[in-house]
Amino acid sequence: MPHWLDLMLQSLGPLLEACLRFTVPLTLIAFGLGLSLGLAVALARLFGPRPVAALAWTYVWIFRGTPLLVQLFVIFYGLPSAGILIDAFPAAVIGFTLNVGAYASEIVRAAIASIPKGQWEAAYATGMTPAQALRRTILPQAGRVAVPSLSNSFIALVKDTSLAAAITVPEMFQAAQRIVAVTYEPLILYAEAALIYLVLCSGLSWLQGGLERRLGRYGGYLEARA
């Protein structure tokens, strides 16, 4: 058996274990929290009082305008100087959540703004309050519009979790780094890690395509009934 293949087979277990124990949970937790935060921020910018909208805009401005790696360093390495100590994994969750929330808020805000005004008027005509119209009529349609962009953000987050290695989270990329430190085979190990990311993201892209096709058929059905 070739040396490179033997090394890849031996390291596959530790890499997959790190992926399942840290990369996948970090992605799911951060995206779920970030999406919830993004929805709240989008609603605050669209419908909140001016001070709240300004605060939401400032948050988006900061986290979209600074590098994710810098944000992680500020949280994990910078906050201890102010007396705030956060373990590596929670620090990564906080950093990724805040970053995802900023981008998700813009996606959701644009999706809500894309819904025709007539949909609001139709909801009001049935006796709905503004809150009911938003929840029952606008958000379901906006969600369908936002799916492609949010799916792309989720796939990007899977890859971005490799940055958590910089703050000592033992996710898949750091597992590859530890093995490289012992084997002195960076090309083989980093290529193997890249291949795992590629397979994972390709599978997610396939699921995204299926979801978009299903939502497209559902949207066409609604339009036909309308």
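What percentage of the 226 residues of the protein count as buried? In this predicted model, the share is 37%. The protein contains 8 helices and 0 strands, and its elements, read from the N terminus, follow the order α-α-α-α-α-α-α-α. Taken along the principal axes, the box filled by the C-alpha atoms has dimensions of roughly 70 × 50 × 25 Å. As for contacts between residues at least 6 apart in sequence, 74% of them join residues at least 24 apart.

One helix pair can be followed in detail. Helix H5 covers residues 117-125 and helix H6 covers residues 130-160. Their axes come within 9 Å and cross at roughly 135°. Angles over 145 degrees would count as roughly antiparallel, and those from 65 to 115 as roughly perpendicular; H5 and H6 are therefore oblique to each other. The crossing in which H5 passes H6 is right-handed. On the H5 side, the contact is made by Gln119, Trp120, Ala123 and Tyr124. On the H6 side, Pro130, Ala133, Leu134, Thr137, Ile138 and Gln141 take part. By residue class, this contact of H5 with H6 has 7 nonpolar residues, 3 polar ones and no charged ones.

Thr137, a residue of helix H6, is one of the participants in that contact. Is Thr137 buried or exposed? Its relative accessible area is 15%, and the limit for buried is under 20%, so Thr137 counts as buried. Leaving out residues up to four places away in sequence, Thr137 touches Gln119, Ala123, Met128 and Gln132. Gln119 and Ala123 belong to the H5 side of the helix contact.

Two residues of H5 in the same contact, Trp120 and Tyr124, also belong to an aromatic cluster, which they form with Phe47. The count of aromatic pairs comes to 9. Among them is the pair of Phe73 and Tyr77, with 5.0 Å from centre to centre and 55° between the planes. An edge-to-face label needs an angle over 60 degrees, and a stacked one an angle under 30, so this pair is tilted.

Where do Phe73 and Tyr77 sit relative to each other along the chain? Both lie in helix H3, which spans residues 68-78. They are 4 residues apart there, so about one helical turn separates them. Phe73 has a relative accessibility of 36% and therefore counts as partly exposed. Tyr77, at 41% relative accessibility, counts as partly exposed too.

Methods: Residues are numbered from 1 along each chain as its sequence is written. This is a predicted model: local features need pLDDT of at least 70, side-chain atom pairs count only at pLDDT 80 or more; totals for chains, interfaces and linings use all residues. Side-chain values use heavy atoms; hydrogens and water are left out. Axes are lines fitted to C-alpha atoms, for helices over the stretch in contact, and angles run from 0 to 180 degrees between N-to-C directions. Angles under 35 degrees count as roughly parallel, over 145 as roughly antiparallel, 65 to 115 as roughly perpendicular and the rest as oblique. A crossing is left-handed if the near helix is turned anticlockwise from the far one by less than a right angle, and right-handed if clockwise. Contact means heavy atoms within 4.5 Å. Ala, Val, Leu, Ile, Met, Phe, Trp, Tyr, Cys and Pro count as nonpolar, Asp, Glu, Lys and Arg as charged, and the others, Gly among them, as polar. Rings of Phe, Tyr and Trp (its six-membered ring) pair if their centres lie within 6.5 Å; planes under 30 degrees apart count as stacked, over 60 as edge-to-face and the rest as tilted. Buried means under 20% relative accessible area, exposed over 50%, partly exposed in between (1.4 Å probe, protein chains only).
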